[in-house]
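Reader: Got a minute to go through this model with me? I'd like to start with how burial is defined, then move on to contacts.
Author: Sure, here it is.

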Amino acid sequence: MDSIRVSKVEFVACTKSGTTKLGTIHLTAHHLIFRYDEEAEKEMWVPYPIISLVSCLPQTLRGQYPVTFYTRTFEHFSLSFSKDKDAIDVFESVKELTVASSVSQLYAFFYHPNPSLPTSTGWSIYSPRDEFIRMGVGSRSKAWRFTDVNKDYSFCPTYPARLVVPTKISDTTLQYASKYRSKCRIPTLTYLHWGNYGSITRSSQPMVGITQNRSIQDEKLIETIFQTHVSPESRASNTPVYGATTTNLIIDARPTVNAVANSAKGAGTENMDHYKDGKKVYLGIDHIHTMRESLGKVVEALRDADTLLASIRTDIPDQASTLSVLDRQALRRSGWLRHISAILEGVVICTKNVHINSSHVLIHCSDGWDRTSQLSALSQLCLDPFYRTIRGFEILIEKDWLSFGHKFLDRCGHLSSDKFFQSPGDSVNAGGAEAFLASVQNRFASQNHLKETSPIFHQFLESVRQIQRQFPDRFEFNERFLHQLYYHLYSCQFGTFLYNCERERRVGDGDTPPPSERTVSVWDFLNSPPEMALNVNSIYNPSLDDPISRAPDADMGVLFPNPKDVRFWNELYGRTDEEMNGRPYVAQPREAFGISKTSDEDLADADRAVTTVPISPSPDSRPLNQSMRSLSIDSRGVTPNPDVPPGRLSPSPDVIFSSATRTENDFGSFTAPSGTSRIPSPTPQPAGNWAARAKLPDFQPSTSVKSFWGKLSSNASAAFSVVQDTYTNVAKDFMGVNEGEPSSVRTAELRDRDTLTIWGENSSSSVSAPPTPGGLASLTLPVAANPWAGPRAQTPPSRLEDNPWSSLRSPPRQQHSEPEPYQTTTLLPQDPTVAYPMPRTALSVSTSTPQGMTKITTSRKSSVDVTPAPTDGPPSAIASSSIDPLGVGLL
């Protein structure tokens, strides 16, 4: 009791979960107790081993001296003292009571339940002989036997006293084989499947080393294990199992790089050339240090959220209860769920190989007490429904975790360390030499002890929770049972999880009775009637595990969890499921949005709508204007044919992306006025209306059918128009052409002398007809225009052709009294819907052709007969020297 500087402090403010209440703090030898002044509040008892971090903070603006406590159960609270001395005394007292020098100082050796628990058989709940006989060893299968080679723990100190090995292997062979395995942890049986003779064995890594050592005894032992499905009386060693493919596996839980790198330390992995009838699988589960760092990132994210929420409560207390400030991205970056998923993937491999393939699995990692225990126990949980009962789960933990030597004392860090107690006055009060010695001591003592800590068993419980969540009616125990088990893992109230192996619990140090006789087992507490009533799963259905059931959804009691369906155990972390895992996505039916299913009539109407819109401009006997009347364009965009049902968009991308349907209101870059088909130069649009122009409704209100192509055309055409505008502007800047200035003015000095007009001469010498009111703007309407072509700027003159310093001069300009007809190079008739390239020289229009034909002549002795479309006004034609009907820049 000398460690307690102050045992009671009154008028202390305790802040927990956003609420602050006054009370009195009591310090006992094993608990920190806070008693609230309000009678309705329950006392808060905190065992010292469950404290993970304590921070003594400086004085606040309100004159308080806070001390913040963080626990291993992911809770935190703050005690605010009115005097600095009280805060320091409590901080130092808790520090000395938490940091223990030996296990015998922990609370389990002083705990005496009052009243006594109804049962005291927790330490004997697991009997190796009874459990393996239940599996069928010695009765259903004669291929396995019990051995007492480790009865005094001299063969392997970290293994149980009673082992099960193949019948054909003698103890002498086991002695030789143990030298080839790390820590002498030879392959031994841990599970025999009830449905066949498949087995799960476990061991440590082989001592291969750089020189590629091998052991004949170890190879013979594993070969015999892989043949135990054959009766030992039978001499046929390779008898196949009917209905299954034998795929015996050696599962190395480590990443491949880590397994091979251990060869430099004298260990390594098996050389499969020496092991018959087996294959090797690497699972890629990281080591204990990665797991510790991963959980540390989760804890850091939770603490950051608590700190931020505390500041929000101070500023806006009314809205703090509705805010979720936990960074889920930080939780994902921790990789915690990824590690659990990797474990479950290995569990599925083991389960399928044993149950479906009727084969054997040998599991090991480095020493065979961390990842091996996880995989072995979880696989048995999925294979055997007995282990999903409360008693069976307790036996499973006793067998695969406690007796096979998981290092609970080192992994859980029950003895704690001074590193977890932070005070701002440490570096100020201590002298230079004392601070240096303290830092050296922490570096070489405390950190060496802490580097063995890792949440391996915690990870196992969370993996069980994942399977329990996926199969909620297949477990006799509920989530509270796992939560209670996790709490007492760190409370040190019971002696079950205090030591590293079975020998330390059963034998002790020799001077005092063993811990199993001095402490209470956690199973006695959990099996008490009050706890059993709270831990039983109300929806547990054992009939689903009937192996002879032939129901459609029957699985013979074997579970295959989904490794991808992993979520944070939010109840353990004291958060809501939505806060840690996000809101689950639930697919809504189409009727929820008022959308009916597309019927055959709807599809037929859509097909008819497509056929009424001209997609490809094939030659037609109809006049051009009649062909274009099938698609009229207004200020809102496309107006379908009257034959098409209103409100329906054609699903054809050719129609949507057609140049005729690109309007300013649709995509903000193209303008197609009514009555013209020639795409003008792009007009700059105000940037403020871009979003309004580019966005199309996702649903058509008249047909309740989602317009997929409307959404696609909005996004693709908008992006396409922006790229075209950018390309056009860059081309203009490069060629030196402005939109408002004619190209001939900017580039006149680069033209050929023969093409330049005389100074003072009127440049508009070309003959053109006045525009026809209400008619088409040009006779060279590109009916067969490229539907993907965008607006094209006025093509600048070719510098290669019109270079005045080039030796290849263009022919001199000739004057003709009368234009000559256009000379064609084919005997086929000309297509009236195809516009031919116009010469570079000015056009002249002759109206002397009969039958209303307009004859366009050029100075290069060419003529084209074009049938004009009927218009509202008198027939006329327009000829311009800047017309580029094909959009290829031949001006």
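Author: Buried means under 20% relative accessible area. One thing up front: this is a predicted model.
Reader: Noted. Is R181 buried or exposed?
Author: R181 has a relative accessibility of 2%, so it counts as buried.
Reader: Which residue does R181 form a salt bridge with?
Author: With D218. The closest N and O atoms are 2.9 Å apart.
Reader: Where do the two sit?
Author: D218 is in helix α4, residues 216-225. R181 is in the loop between α3 and β10. The two are 37 residues apart, and the pair links distant parts of the chain.
Reader: And D218, buried or exposed?
Author: D218 is at 0% relative accessibility, so it counts as buried.
Reader: How many salt bridges in total?
Author: The count comes to 29.
Reader: Give me another that links distant parts of the chain.
Author: Take R575 and D306, with their closest N and O atoms 2.7 Å apart. R575 is in the loop between α19 (529-535) and α20 (577-581). D306 belongs to helix α6, residues 288-315. They are 269 residues apart, and both are buried.
Reader: Which residues are joined into one network?
Author: R388, R474, D545 and D555, through salt bridges that share partners.
Reader: What about a pair inside one helix?
Author: K85 and D89 form a salt bridge, at 2.8 Å between the closest N and O atoms. They are four residues apart in helix α1, so about one helical turn separates them.
Reader: Are those two buried or exposed?
Author: K85 is exposed, with a relative accessible area of 58%. D89 is buried, at 10%.
Reader: Switching to rings. How many aromatic pairs?
Author: The structure holds 26.
Reader: Why does F91 with F421 count as edge-to-face?
Author: Their planes are at 75°, and over 60 degrees counts as edge-to-face. The ring centres are 6.1 Å apart.
Reader: Where are they in the chain?
Author: F91 is in helix α1 and F421 in strand β15, residues 421-422. That puts them 330 residues apart. Both are buried.
Reader: And W401 with F457, what geometry?
Author: Edge-to-face, because the planes are at 85°. The centres lie 5.1 Å apart. W401 is in helix α10 (residues 390-403), and F457 is in helix α14 (residues 456-470).
Reader: Buried or exposed?
Author: W401 is at 0% relative accessibility, so it counts as buried. F457, at 1%, counts as buried too.
Reader: Which residues form one aromatic cluster?
Author: Among them are W401 and F457, along with F393, F408 and W523. Several more Phe residues belong to that cluster, including F460 and F497.
Reader: Any charges over rings? Where does R303 lie?
Author: Over the face of Y70, at 4.5 Å from the ring centre. The charged end of R129 sits over the ring of F146, 5.4 Å from its centre.
Reader: On to the sheet. What is the strand order?
Author: The order is β10-β11-β14-β12-β13. This is an open sheet of five strands with mixed pairing.
Reader: Which strands stand at the edges?
Author: β10 (188-192) and β13 (279-282). Each has a single partner strand, so one side of each is left without a neighbour in the sheet.
Reader: How are neighbouring strands turned?
Author: By 25° against each other on average, direction ignored.
Reader: What joins β12 to β13?
Author: Four bridges, and the two strands run parallel. L249 has K279 in β13 as its bridge partner.
Reader: Which helix packs on the sheet?
Author: Helix α9, residues 371-383. It touches β10, β11 (199-202) and β14 (361-364). The direction of α9 makes about 165° with that of β11.
Reader: Last topic, backbone oddities. Which residues does the cis peptide bond join?
Author: N114 and P115, with omega about 0°. P115 lies in the loop between α1 (84-98) and α2 (128-135).
Reader: What about phi at K183?
Author: Positive, about 60°, although K183 is not a glycine. K183 lies in the loop between α3 (171-178) and β10. It counts as partly exposed, at 45% relative accessibility.
Reader: And D277? What is its phi?
Author: About 55°, also positive, and D277 is not a glycine. D277 is found in the loop between α5 (256-261) and β13. With a relative accessible area of 45%, D277 is partly exposed.

Key
Residues are numbered from 1 along each chain as its sequence is written. This is a predicted model: local features need pLDDT of at least 70, side-chain atom pairs count only at pLDDT 80 or more; totals for chains, interfaces and linings use all residues. Side-chain values use heavy atoms; hydrogens and water are left out. Two strands pair if DSSP finds at least two bridges between them. Axes are lines fitted to C-alpha atoms, for helices over the stretch in contact, and angles run from 0 to 180 degrees between N-to-C directions. Contact means heavy atoms within 4.5 Å. Buried means under 20% relative accessible area, exposed over 50%, partly exposed in between (1.4 Å probe, protein chains only). A salt bridge is a side-chain nitrogen of Lys or Arg within 4 Å of a carboxyl oxygen of Asp or Glu. Rings of Phe, Tyr and Trp (its six-membered ring) pair if their centres lie within 6.5 Å; planes under 30 degrees apart count as stacked, over 60 as edge-to-face and the rest as tilted. A charge sits over a ring if NZ of Lys or CZ of Arg is within 6 Å of the ring centre and within 35 degrees of the ring normal.
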